[in-house]
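Let's take a friendly walk through a protein model. Keep the sequence and the 3D view at hand as you read.

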Amino acid sequence: DWRSPRLPRKKTARMRLVDLIKIDNRFEKSVNLLLDLHVQGKIDGYIPTRSSVKILDNYINEIRTFTGNRASVLIGPYGKGKSHLLLILLELLSQNCPMSVIDALIERIAAVNRDAAEHIKDTMSNFGPFLPVIINAGSGTLSQAFMRGLTNALVRDELGDVIPDNYYSEAIKMIQNWEEHFPSTFTAFKNRLPQGKSVTKFVSELSHYEESSLSFFKDIYPELSSGGVFNPIVDDEVVSIYRSVNRILREKHGYSGLYIIFDEFSKYVEGHTIEGFAEDMKVLQDMCELSAASRDEQLHITCVAHKSIRSYGTALPPEILNAFEGVSGRLKEVYFVVSSQNNYELISDAIGKKKAFAKWATENKHYQDVIAETYELKSFSSLFDLADYQHIVGEGCFPLTPVAAMLLLELSERIA
């Protein structure tokens, strides 16, 4: 409690936190890669730290100079800023934001690591844009998730001319052709749909790569086409499609490649059943191998995890751990290690101080005593010199006392 027993009760009662501090609301919401891509406020709200900029620089340098580590898994506890870091990486590589916003971001990075800022400038000057692809594995197979992610990315960035044909898109084209040119066949198709399901709903399921809907279409196709078999001449292999799209993006639109983020990879592994996991891991392994071999059309893939898969031990079935073994050697593990100093700096940045604070702090002896006494704790004196401690922890973390701030960080990490 900052209120001093030495101060008159009346004076203490009049002190209000709202007169001393202002919470920066940019820190109140977490980052969602899919929803926050190209949202300027998320770029403006990014605060570079030494730890995050070091990782950002490593990813940037993998684009500048090939080292064979284009497939990785970024590992770190919840709430450390992994998603925000990757969002910034995608914004820089996509070259889709106003340069004034990017220049301001690079200036903030330069204040932390000037070499990293120069590497970013070099990359943006000498490479074309990268197309960000966000993978969210919901229902269905991993192949479907990769196809959804690619299609969504191409639609989002208005690259519809690059969207590849596949069994799902060909089925939609066939239904549209029946509706336009063969009304009797279209009517028969509508009558064969499950009760209560409209054509619009069915087409929507195909566009979202629902495997059961495609299977249903294949089953009823022979009776609607006099015994024909639905077997369009398209490449339905994920690796081949990504390779083809990447080449077209470079040749036709000047892109340097694709940058894939597999978000919530830990949740995907934790929630997966044994059935189908080996097939999904084969898809991921093939994509990692494609990434490692990419040269002219670069392909990078980063999975996001809150801990190493090996650390699960008996918490995961042995079948899942064994299936992951083939992929683990192809994913470089990158640990998002945030120093304690960085944590206090982030708290300080989130809690702004109003003009009245300086006068209050000068006049409040209890506040000054708490700062002086807590600096004697090794947890603080080993991290900061006195001036930095007073500015970053004492003033910056207020209204949290230094010990409360320290315990909050420890508690958050253990819970998350």
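The text below looks at confidence, one helix and the cavities.

This is a predicted model, in which local features need pLDDT of at least 70, side-chain atom pairs count only at pLDDT 80 or more, and totals for chains, interfaces and linings use all residues. Residues are numbered from 1 along each chain as its sequence is written, and side-chain values use heavy atoms, leaving out hydrogens and water.

The pLDDT is the predictor's confidence in each residue, from 0 to 100. Its average over the chain is 86, and 93% of the residues score at least 70. Over residues 7-13, however, the pLDDT is below 50.

Now find helix H13, residues 238-253 (helices are DSSP runs of H or I with at least four residues, strands runs of E with at least two, numbered from the N terminus). At 1.5 Å a residue, its 16 residues should span 22 Å, and the end C-alpha atoms are 21 Å apart, which agrees. The expected span is 1.5 Å times one less than the number of residues.

Buried means under 20% relative accessible area and exposed over 50%, with partly exposed in between (1.4 Å probe, protein chains only).

| Group in H13 | Residues |
|---|---|
| Buried | Val 238, Val 239, Ile 241, Tyr 242, Val 245, Asn 246, Leu 249 |
| Exposed | Glu 251, Lys 252 |

After H13 comes Gly 254, with a positive phi near 75°.

Finally, a search of the whole structure finds two cavities of 30 Å³ or more. A cavity is a set of points on a 1 Å grid over the protein atoms alone where a 1.4 Å probe fits but cannot get out.

Methods
Contact means heavy atoms within 4.5 Å. On a 1 Å grid over the protein atoms alone, a cavity is a set of points where a 1.4 Å probe fits but cannot get out, and a pocket is an open set with protein on both sides within 12 Å along at least five of seven lines; lining residues have an atom within 4 Å of a point. Grid points are joined across faces, edges and corners, and a volume is the space filled by probe spheres set on the points.
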